[in-house]
Amino acid sequence: MTGYNCKYAPIEILAGFGEQYELMNGEVENFDYASGRMHQNMCSHAKAMLENIHSGEYDSLLFMNCCDSSRRVFDSLKNESLAFSYCIDLPSCGTVCAVEKFKDDLLEFIGEYEKFSGKSFNKKRFLSSFKSGREKPKGKFVAVIGARCGKTLIDAAKACFGETEIFDLTCASGREVFISDADENDSMDEIMLKYAKALISQTPCMRMQNIKAREALLEDENCIGIIYSTVKFCDYYDFEFSKLKGLKTPIIRIESDYTNQSYGQLLTRIEGFAETVLKPANKKTDAKRPGKYFIGIDSGSTTTELVALDENLNIVSSVMVRTGANAAAGAKKALEKSGLRKNDAAFIMATGYGRKNIGFADGSITEITCHAKGARRLCADVKTIIDIGGQDSKVIVLGADGSVVNFAMNDKCAAGTGRFLENMAKVLDLDMNTMAEIGLKYKNELTVSSMCTVFAESEVVSLIADGRLVSDIVHGLNKSVAVKTKALASSVKELGTVMMTGGVANNKGVVSELEKLLNTKITVPEHPEFCGALGAAIAAAEALQK
């Protein structure tokens, strides 16, 4: 099997030799091998390719030199057991000179493959290998565009959008190459010139000089939402995304690190996006339980909260427990602590990262929607919600009716979250309550420059060794969290009334620093950590149309 890396790769030439080929787009569990061969900050897809090549999935390779990372992978193949590997430079434009040079390179590749394989290139087989392009969806669809993406993202999108078609228009998946005006009687030079033009004439990737044709991908009136894919440590598509924020079509950016360990986080982001785009009406649900309470359970990475409402939507119970290693066990513990039984509930709604694992829940909904419902219950005019939880940070923007119109989440990293502060508290030998207060008593400005949790820990240890005041260090940590959160909120044009939810909202130092950076007053409810569970309980009541 010959692996290829790019939609501009001349795979029909391989077909002309009767060879099988496959796009190298597989995700991996880790980068153990690639990390020893490439820089840590190299494009994640490039590292995934090297992992798959090293595992022996391909015996031959056809590479396009389409970016520095791809070239770096090709340069790292000296220790791999490959029968054949070849790299072709990709022109960055479709000028006459560029196409002519590309044609010469294709002819040279054919000659080299004939020497390697001992086979002759077959024009008829080559010309019959071209496949018709995909038909665009006839109904409403969600477009996945931007950089290439793996199966995990597409599977998550299909799971979240149900019957709505997911149309993959990402870099490597949008391959459409045709040469209808060529036949076997043409010379090789004529055929390859037409072929070179066809390859370059595809919808341009961000490597190309002229990318205006990409705009057509966003103009279809049946497109109800856009999932914009980027790859960790690849900048090309970040530049394009920064120009798309004014689109009327709802859009969300998803960054992949090309490991298959990200399904849970992807599901939360895309499911929240689906709830925003589809805005499903609350459907009447038959009560599954004989009880009268509406129970919401927020299963987070660090803690699990439960809120129970009576028939008049008054709070009758609220408890919080440590989630531990098992979301279902944490939810069961919270229910026991509340003094309620399963049959005391009319409906149980789960939210949070562990929501899919709470088997006794009657339904589930993302914490994005739940925080919107909970915040509106606590403050009727709230427009922007800043939720900093144990594992992630979110900025949620609400419309006039209280529905979610936009949201942003942090990358797959603990920096700027409750887990970050919790780890730093352990280093400083503080409990979280003390840490929440001591940062307000700082005497000197101090900056913790490393946002990575691991590096920040080393930096804090050095500051301790230098004899810096603990209050100053905590103040520096609070500032670092606030800076990270401000970056998330930068896409919101008008913040309006801002509410902060999640456990970190109890840290007065973080709230104070964030108010300075955003230049606005932030409302903090009495128990901000229960906002998600409250929203889930409200959603439970809405599910029964009470």
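## Helix H3 and its surroundings

In this predicted model, the residue Gly56 follows helix H3 and has a positive phi, near 90°. Helix H3 itself spans residues 44-54 and is mostly covered, since ten of its eleven residues are buried. Among these buried residues are the charged-type names Lys47 and Glu51, and the list also includes Ser44, His45, Met49, Leu50 and Ile53.

Which elements cover the buried residues of H3? They include helix H2 (34-37), strand E3 (60-65) and helix H4 (68-75). Strands E7 and E8 also take part in covering H3, and both of these strands belong to the four-stranded sheet described next.

## The four-stranded sheet

Strands in a sheet are joined through backbone hydrogen bonds, in either a parallel or an antiparallel sense. One open sheet of this model contains four strands in the order E6-E5-E7-E8, and its pairing is parallel. Strand E6 (165-168) and strand E8 (251-256) each have a single partner strand, so they stand at the edges and one side of each is left without a neighbour in the sheet. From one strand to the next, the twist averages 25°.

Within this sheet, strand E5 (residues 141-146) and strand E7 (residues 223-231) are paired in the parallel sense over six bridges. One residue pair can be named here: Phe141 has Cys223 in E7 as its bridge partner.

Two helices lie across strands of this sheet. Helix H7 (residues 151-161) lies across E5, E6, E7 and E8, and runs at about 155° to E6. Helix H10 (residues 263-278) lies across E7 and E8, with a direction at about 170° to E8.

## The five-stranded sheet

Another open sheet has five strands, ordered E11-E10-E9-E12-E13, and its pairing is mixed. Its edge strands are E11 (315-322) and E13 (363-364), each of which pairs on one side only. Strand E12 (residues 345-351) pairs with E13 in the parallel sense over two bridges. In this pairing, Met349 stands opposite Gly363 in E13.

Helix H11 (residues 327-338) packs on this sheet. The helix touches strand E9 (293-299), strand E10 (303-309) and E11, and its direction makes about 140° with that of E11.

## Aromatic rings

The structure holds 18 aromatic pairs. One of them joins Phe84 and Tyr113 in an edge-to-face arrangement, with 5.0 Å from centre to centre and 85° between the planes. This pair links distant parts of the chain: Phe84 belongs to strand E4 (residues 84-89) and Tyr113 to helix H5 (residues 96-117), 29 residues apart. Are these two residues buried or exposed? Phe84 counts as buried because its relative accessibility is 10%, and Tyr113 is also buried, with a relative accessible area of 2%.

The rings of Tyr86 and Phe109 form a pair that is tilted, because their planes stand at 45°; their centres are 5.1 Å apart. Here again strand E4 and helix H5 are linked, with Tyr86 in the strand and Phe109 in the helix, 23 residues apart. Tyr86 counts as buried at 15% relative accessibility, and Phe109 is buried with a relative accessible area of 0%.

The residues of both pairs belong to a cluster linked by ring pairs, which includes Phe84, Tyr86, Phe109 and Tyr113. Other members of the cluster are Phe17, Phe116, Phe121, Phe126, Phe130 and Tyr195. A ring can also accompany a charge: the charged end of Lys232 sits over the ring of Phe233, 5.3 Å from its centre.

## Cysteines

A disulfide is a covalent bond between the sulfur atoms of two cysteines. How many disulfides does the model contain? The count comes to zero.

Two cysteines illustrate this result. For Cys93, the closest cysteine sulfur is that of Cys97, and the 8.8 Å between the two sulfurs is too far for a bond. Cys93 is partly exposed, with a relative accessible area of 21%. For Cys171, the closest cysteine sulfur belongs to Cys205, at 5.0 Å, which is also too far for a bond. Cys171 counts as buried, at 12% relative accessibility.

Notes. Residues are numbered from 1 along each chain as its sequence is written. This is a predicted model: local features need pLDDT of at least 70, side-chain atom pairs count only at pLDDT 80 or more; totals for chains, interfaces and linings use all residues. Side-chain values use heavy atoms; hydrogens and water are left out. Two strands pair if DSSP finds at least two bridges between them. Axes are lines fitted to C-alpha atoms, for helices over the stretch in contact, and angles run from 0 to 180 degrees between N-to-C directions. Contact means heavy atoms within 4.5 Å. Buried means under 20% relative accessible area, exposed over 50%, partly exposed in between (1.4 Å probe, protein chains only). Rings of Phe, Tyr and Trp (its six-membered ring) pair if their centres lie within 6.5 Å; planes under 30 degrees apart count as stacked, over 60 as edge-to-face and the rest as tilted. A charge sits over a ring if NZ of Lys or CZ of Arg is within 6 Å of the ring centre and within 35 degrees of the ring normal. A disulfide is a pair of cysteine sulfur atoms within 2.5 Å.
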